Amino acid sequence: SIGSLVIFARYMLRNEQHIPALRYSRLALSGRAPKRTSFSVNDTVRNILIVHDSLETTSEAVWMIPPSAAVQVRGGILHEGRLTNNNRDAVLWANGSQSQVLSGSGVLDELTIENPHGVVKERGIFRLQSALNLVSGEFRTTPQHSLRLLDNAVITRFPQATLIGEPIVERRVRLRTRGDGRMSATGEFAPMLSVLDIANSGGYIASRNVVVQDSLRLASRLWFETPSNSYTLDFLPRTTQPVFSQDTAEIIGVMRRMVDADSVTRLFHNRYTGLQILPLGQFGANALQATMRVMPQRFPSPNNDSSKIWRAFECSVSDTLTKTAPPLTARFSYAWRTAGEQDTSSAEETNGLEAPRVLLQRWNTARAEWETAGSPLRTGRRSSWNRLSEQGAWYFGVADSVMMGSLAQAAMLSSFYALGVDSTRTVAPSLFVRANLALEGALLPSNASVQNSTANTSAALMKTD
C-alpha cells in the first residue's frame with residue numbers, strides 16, 4: 001500500500017506506462033501515454049486495484065485494465081479520461097465508508113455504486129459504455145451532472161440501492177433487477193426499454209408507462225397498478241412471448257400488445273393468461289391491438305361481485321388504424337392463483353368455489369348480470385374445465401369463441417370479465433377431475449420449463465479484504 005499521492009504522467013504515445021496493481025492512498029493519471037494495469041496470475045481474489053482516498057484522471061489519460069477487473073475507489077473521484085478494456089467490462093467501483101462525490105465527463109465501461117452512505121454525481125456527464133450496477137445506497141444525479149448510457153447498455157439494480165434522477169439514454173437500454181426484497185422504480189426505469197428482466201424476489205413496482213421493445217422476463221411480480229397509481233405496459237414484439245421463469249411470476253395492471261390473425265396464443269400477464277383471435281381471416285388486414293387488465297385479489301367490476309373468483313379481468317381489442325373494434329371471436333385463456341407448494345395461503349383466490357366448475361363470465365350491460373363467455377374447453381365429457389399447474393400455484397382454463405369487438409357491443413357485452421360458477425353447467429365426478437388431463441386446444445404454459453435466472457451481475461458481487 002502506498003500512502004501518498006502517486007502520479008503517472010508520461011506523455012509519449014509510444015511509451016506505454018505500467019500502473020502497478022497496488023493499494024493507493026491518492027492516485028492521479030495524466031499524459032497521452034497509454035496506461036495499463038495487469039494482475040498476477042496467482043491472485044486468489046478478484047483483480048481489484050484499490051484507491052483509498054481519491055482518484056483523478058485527466059482528459060488525455062487512457063487506462064486499460066484486464067477483463068473483469070475493477071478499480072475500487074473509497075473516496076472522491078474526478079474522472080475525465082477513459083477506463084476500459086477490449087471486453088468493455090472494466091469497472092469503476094464506488095465503495096466508500098462515507099458519502100462519495102463523482103465528478104467529470106470521462107468514459108467508462110461499467111460503473112458500480114455500492115455505498116450505503118450515498119454517492120453524488122457533480123460536474124459533468126460520464127459516458128457509460130456497458131453497464132450501471134446499483135448495488136447499495138442512493139446515487140444522486142441531476143440533468144446537468146449525470147450519466148449518458150450508450151446503445152444497449154444494461155442497468156442492474158438491487159433493492160438496497162436507488163437512483164435519483166434519470167440517466168441520458170442514447171438508444172436502447174436494458175433493465176435488470178436482482179437480490180432479495182421488493183423495490184419501487186426509481187430513475188433506472190426508463191420510458192422505453194429494450195429488455196425488462198425482473199428477478200428480485202419481492203417484485204418490482206412501476207412508476208410510469210413503459211414500452212418494452214424486445215424482451216420481457218419475469219421471475220417475480222411486476223406491478224403496473226397499485227391503490228395509488230395506474231400505468232400501462234406496452235409489449236411490442238408480435239411473435240416473441242414474455243418469459244415467466246417462475247410459476248408465480250405475473251404482471252399486475254394493464255398490458256397491451258399486438259394480436260395477429262394466426263394460430264398463436266399471445267401471452268399476457270402470466271404463463272396461463274392469453275388471447276388468440278379466431279377464426280383466421282375474419283377481419284381486415286389491419287393489425288389488432290389487445291388491451292388486458294388483470295387485478296389479483298380483487299372482485300370483478302362493475303359490481304364488485306364477491307361470489308366470484310377473487311381476481312378481476314378486463315379485455316378489449318381494437319384496430320390500430322381505424323381505432324374501432326371489428327367483429328371477431330377469440331380464444332381467451334384465463335387463470336387464478338391458489339396456494340401451491342412454493343406459495344402461501346395469502347395467494348389463494350378460489351374464494352371457496354369448486355375449481356373444476358369455474359368458467360369465464362362476462363358482464364351483460366343490458367341485463368345487468370354475469371353470463372358465461374364463449375364455450376369452455378375441456379378434454380371430454382367426463383373431465384374438468386380447469387387444470388392445476390404443475391407447481392400448484394394456479395388453476396387455468398380456456399374459453400373458446402368469446403365474442404369481441406362490435407359483436408360484443410351488439411350483444412351489449414362489456415369488457416368486464418369474471419371467473420365464476422354457472423349452475424346450469426356440470427362436470428364429471430371428481431375421479432376424472434383428479435386425472436389431471438390436458439385441455440384440448442388449451443394453452444399449455446409455453447415456458448413452464450424455463451428455469452429461474454436470477455444470477456447477480458459479476459460487478460455487483462465483487463468483494464475485497
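Trainee: Why does Glu 16 count as partly exposed?

Mentor: In this predicted model, the relative accessibility of Glu 16 is 42%. Buried requires a value under 20% and exposed a value over 50%, so Glu 16, at 42%, is partly exposed.

Trainee: What makes the pair Glu 16 and Arg 36 a salt bridge?

Mentor: The closest N and O atoms of Glu 16 and Arg 36 are 3.0 Å apart. The cut-off is 4 Å between a side-chain nitrogen of Lys or Arg and a carboxyl oxygen of Asp or Glu, so the pair qualifies. Arg 36 is partly exposed as well, because its 37% falls between the two limits.

Trainee: Where in the chain do these two partners sit?

Mentor: Glu 16 is in the loop between strand S1 (2-8) and strand S2 (17-18), whereas Arg 36 belongs to strand S4 (residues 35-36). The partners are 20 residues apart and link distant parts of the chain.

Trainee: How do you know that Arg 337 and Glu 250 form a salt bridge?

Mentor: The same reasoning works here. Their closest N and O atoms lie 3.2 Å apart, within the 4 Å limit. This bridge also links distant parts of the chain: Arg 337 is in strand S32 (residues 328-337), Glu 250 is in strand S27 (residues 250-258), and 87 residues separate them.

Trainee: Are Arg 337 and Glu 250 buried or exposed?

Mentor: Both are charged residues by class, yet Arg 337 has a relative accessibility of 4% and Glu 250 has 0%. Buried means under 20%, so Arg 337 and Glu 250 are both buried. The two also belong to a network of salt bridges, together with Arg 221, Arg 311 and Glu 349.

Trainee: Why do Arg 367 and Glu 371 fall where they do on the accessibility scale?

Mentor: Arg 367 has a relative accessible area of 56%, which is over 50%, so it is exposed. Glu 371 comes out at 21%, which is not under 20%, so it is partly exposed. These two residues form a salt bridge, with closest N and O atoms 3.3 Å apart.

Trainee: How many salt bridges does the whole structure have?

Mentor: The search finds 24. As for the setting, the protein chain has two helices and 38 strands, and 53% of its 465 residues count as buried.

Trainee: What makes Ile 309 a buried residue, and where is it placed?

Mentor: Ile 309 is in the loop between S30 and S31. Its relative accessibility is 0%, under the 20% limit, so this loop residue is buried. Leaving aside neighbours within four places in sequence, Ile 309 is in contact with several residues, including Phe 299, Trp 336, Glu 349 and Leu 419. Across a sequence gap of 112 residues, Ile 309 and Val 421 have C-alpha atoms 9.1 Å apart.

Trainee: What else is there to see in the loop between S30 and S31?

Mentor: Pro 302 lies there, and the peptide bond from Ser 301 to Pro 302 is cis, with omega near 10°. Gln 297 is in that loop too; its phi is near 55°, a positive value in a residue other than glycine. Gln 297 is partly exposed, because 31% lies between the limits of 20% and 50%.

Trainee: Where is Ser 68, and what is its phi?

Mentor: Ser 68 lies in the loop between strand S6 (62-64) and strand S7 (70-73). Its phi is positive, about 65°, although Ser 68 is not a glycine. With a relative accessible area of 36%, Ser 68 is partly exposed.

Trainee: How many cavities of 30 Å³ or more are there, and which residues line the largest cavity?

Mentor: The count is one, and the largest cavity holds about 50 Å³ of space. Its lining includes Arg 293, Met 295, Ser 301, Glu 314 and Tyr 417. Strand S30 (288-296), strand S31 (311-319) and strand S38 (413-421) each supply at least two lining residues.

Trainee: What is the make-up of that lining by class?

Mentor: Seven lining residues are nonpolar, one is polar and two are charged. Arg 293 and Glu 314 are in the lining and belong to the charged class, because Arg and Glu both count as charged.

Conventions. Residues are numbered from 1 along each chain as its sequence is written. This is a predicted model: local features need pLDDT of at least 70, side-chain atom pairs count only at pLDDT 80 or more; totals for chains, interfaces and linings use all residues. Side-chain values use heavy atoms; hydrogens and water are left out. Helices (H or I, at least four residues) and strands (E, at least two) are DSSP runs, numbered from the N terminus. Buried means under 20% relative accessible area, exposed over 50%, partly exposed in between (1.4 Å probe, protein chains only). On a 1 Å grid over the protein atoms alone, a cavity is a set of points where a 1.4 Å probe fits but cannot get out, and a pocket is an open set with protein on both sides within 12 Å along at least five of seven lines; lining residues have an atom within 4 Å of a point. Grid points are joined across faces, edges and corners, and a volume is the space filled by probe spheres set on the points. Contact means heavy atoms within 4.5 Å.
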